[in-house]
Amino acid sequence: MSSLSTKVAIVQKPPVWLDLQQTLSCAIDSLNEAVGQGAQLVMFPEAYLPGYPTWIWRLKPGGDMALGNQLHTQLRHNAVDIDHGDLDGFCEAVKAAGAVVVIGMNELDSRYSGTTLFNSVAVIDADGQILNVHRKLMPTNPERMVWGMGDASGLKVVQTAVGRVGCMICWESYMPLARFALYAQDIELYLAPTWDSGETWLASMNHIAREGGCHVLSTATAVQGSDLPDSFPERDRLFTPDEWINPGDAVVIKPFGGVVAGPLHQEKGILYADIDLEAARTARKALDVSGHYNRPDLFNLEVDRRAKPPVHFQDDTEGL
């Protein structure tokens with residue numbers, strides 16, 4: 001049986017830090033560039049809208065609290081409020097482009113607290129519909145000063161125009177049970193937007209491709225100190241212009257392991273690859289960890305995907 005090839009694109013260009021509208025414009029430009037090259041799936045890095053809060057790894061506890069508060073306030077003012085339509089224009093651009101898009105964001109919870117941010121990733125289908133929003137289950141180390149913990153309501157694999165897509169954000173990929181929850185949903189494309197990079201991370205992505213029998217796409221943001229805008233508070237104290245804050249390292253790995261494209265190292269660009277979705281099922285003939293290579297008689301995993309709101313209101317409707 002012949003298989004159709006799917007062209008994927010991974011964008012690791014820098015956003016405009018702390019400016020949501022300009023970053024959305026950059027994302028649309030990159031989307032259109034990738035689709036112009038034939039891409040059917042376009043992936044962006046972790047927290048791309050409007051930039052990963054990389055300052056948290058450099059601020060001094062206590063001594064830089066005022067600066068940290070200033071940066072967090074700007075981030076909150078430029079975070080994505082999905083309930084209030086902040087992604088509507090971008091979704092229209094996705095629909096016009098006709099490609100599936102996976103994009104990371106700083107998401108504002110306006111439904112309950114109006115203040116807490118989450119590290120989220122959205123899967124947008126080629127028709128512009130948001131199929132899933134997953135919030136990072138456990139922020140890593142100082143990230144907990146920026147983001148709240150997500151629940152499992154978005155721990156889903158969804159059917160898109162290019163196949164079955166599931167996402168894990170950065171070090172969530174080191175949570176074995178979370179990975180297995182995706183494997184057990186007939187995953188074909190495992191997308192891992194991240195801030196990590198380097199040989200250890202790439203080895204982990206190879207492991208996941210073998211373990212899950214799925215295509216793995218991953219990238220951080222390729223960024224130098226000079227890419228942070230002049231308006232960034234105390235930029236020159238925290239960063240030097242020529243340093244590579246993150247090399248990006250976009251990569252595409254085939255099912256059962258093996259690099260297909262990348263890593264795109266210290267390059268602010270787009271990585272392309274042609275993949276064969278059927279290869280995921282072929283790989284799982286030998287190793288299917290949620291199928292014939294599983295022992296459900298010995299091991300059992302239960303995932304509570306109910307949303308975990310902070311309050312449940314019971315309105316009095318008597319007499320209505």
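Helices are DSSP runs of H or I with at least four residues, numbered from the N terminus. In this predicted model, S30 lies in one such run, helix α1. S30 has a relative accessibility of 3%. Buried means under 20%, so S30 counts as buried. Leaving aside residues up to four places away in sequence, S30 touches V11, K13, F44 and I270.

Helix α1 covers residues 20-36. The helix lies across four strands: β1 (5-11), β2 (41-43), β3 (100-108) and β13. Against β13, helix α1 runs at about 45°. Two of the contacts of S30, V11 and I270, can be placed on these strands. V11 falls within β1, which spans 5-11. I270 falls within β13, which spans 270-276.

The strands under α1 belong to a wider sheet. Strands of a sheet pair through backbone hydrogen bonds, either parallel or antiparallel. Here the sheet is open and has 6 strands, in the order β5-β4-β3-β2-β1-β13. Its pairing is mixed. Strands β5 (130-135) and β13 stand at the edges. Each has a single partner strand, so one side of each is left without a neighbour in the sheet. On average, neighbouring strands of this sheet are turned by 25° against each other, direction ignored.

At the β5 edge, the partner is β4, residues 117-124. The two strands pair in the antiparallel sense, over 5 bridges. One residue pair can be named: V121 has H134 in β5 as its bridge partner.

Strand β5 also takes part in the largest pocket. The space in this pocket is about 660 Å³. Its lining is made up of 27 residues. Of these, R111, Y112, R135, D151 and S153 lie nearest the centre. Two elements, β3 and β5, give two or more residues to the lining. The largest share, 5 residues, comes from β5. By class, the lining has 11 nonpolar, 7 polar and 9 charged residues.

The second largest pocket holds about 350 Å³ of space. Its lining has 14 residues, with L59, D64, M65, G68 and M145 nearest the centre. These 14 residues divide into 8 nonpolar, 4 polar and 2 charged.

Closed space was found as well. The structure holds 1 cavity of 30 Å³ or more. The largest cavity contains about 30 Å³ of space. Y183, I187, E211, G212, R284, D288, V289 and S290 line it. By class, this lining has 3 nonpolar, 2 polar and 3 charged residues.

One residue of the cavity lining, Y183, is also a residue of helix α4 (176-183). Y183 is buried, as are A178, R179, A181 and L182 of this helix. The cover over the buried residues of α4 includes strands β7 (163-167) and β8 (189-193), together with helix α5 (198-212). Two further residues of the cavity lining, E211 and G212, fall within the span of α5, 198-212.

Some backbone angles stand out. Most residues other than glycine have a negative phi, and most peptide bonds are trans. Two residues with positive phi were found in loops. D186 has a phi near 55° and is not a glycine. D186 is found in the loop between α4 and β8. Its relative accessible area is 31%, and D186 is partly exposed. Q266 likewise is not a glycine, yet its phi is positive, at about 50°. The loop between β12 and β13 holds Q266. Q266 counts as partly exposed, at 38% relative accessibility.

Cis peptide bonds were found too. One joins L49 and P50, with omega about -15°. P50 is found in the loop between β2 and α2 (65-77). Another joins G262 and P263, with omega about 0°. P263 has its place in strand β12, residues 259-265.

Note on methods:
Residues are numbered from 1 along each chain as its sequence is written. This is a predicted model: local features need pLDDT of at least 70, side-chain atom pairs count only at pLDDT 80 or more; totals for chains, interfaces and linings use all residues. Side-chain values use heavy atoms; hydrogens and water are left out. On a 1 Å grid over the protein atoms alone, a cavity is a set of points where a 1.4 Å probe fits but cannot get out, and a pocket is an open set with protein on both sides within 12 Å along at least five of seven lines; lining residues have an atom within 4 Å of a point. Grid points are joined across faces, edges and corners, and a volume is the space filled by probe spheres set on the points. Ala, Val, Leu, Ile, Met, Phe, Trp, Tyr, Cys and Pro count as nonpolar, Asp, Glu, Lys and Arg as charged, and the others, Gly among them, as polar. Two strands pair if DSSP finds at least two bridges between them. Axes are lines fitted to C-alpha atoms, for helices over the stretch in contact, and angles run from 0 to 180 degrees between N-to-C directions. Contact means heavy atoms within 4.5 Å. Buried means under 20% relative accessible area, exposed over 50%, partly exposed in between (1.4 Å probe, protein chains only).
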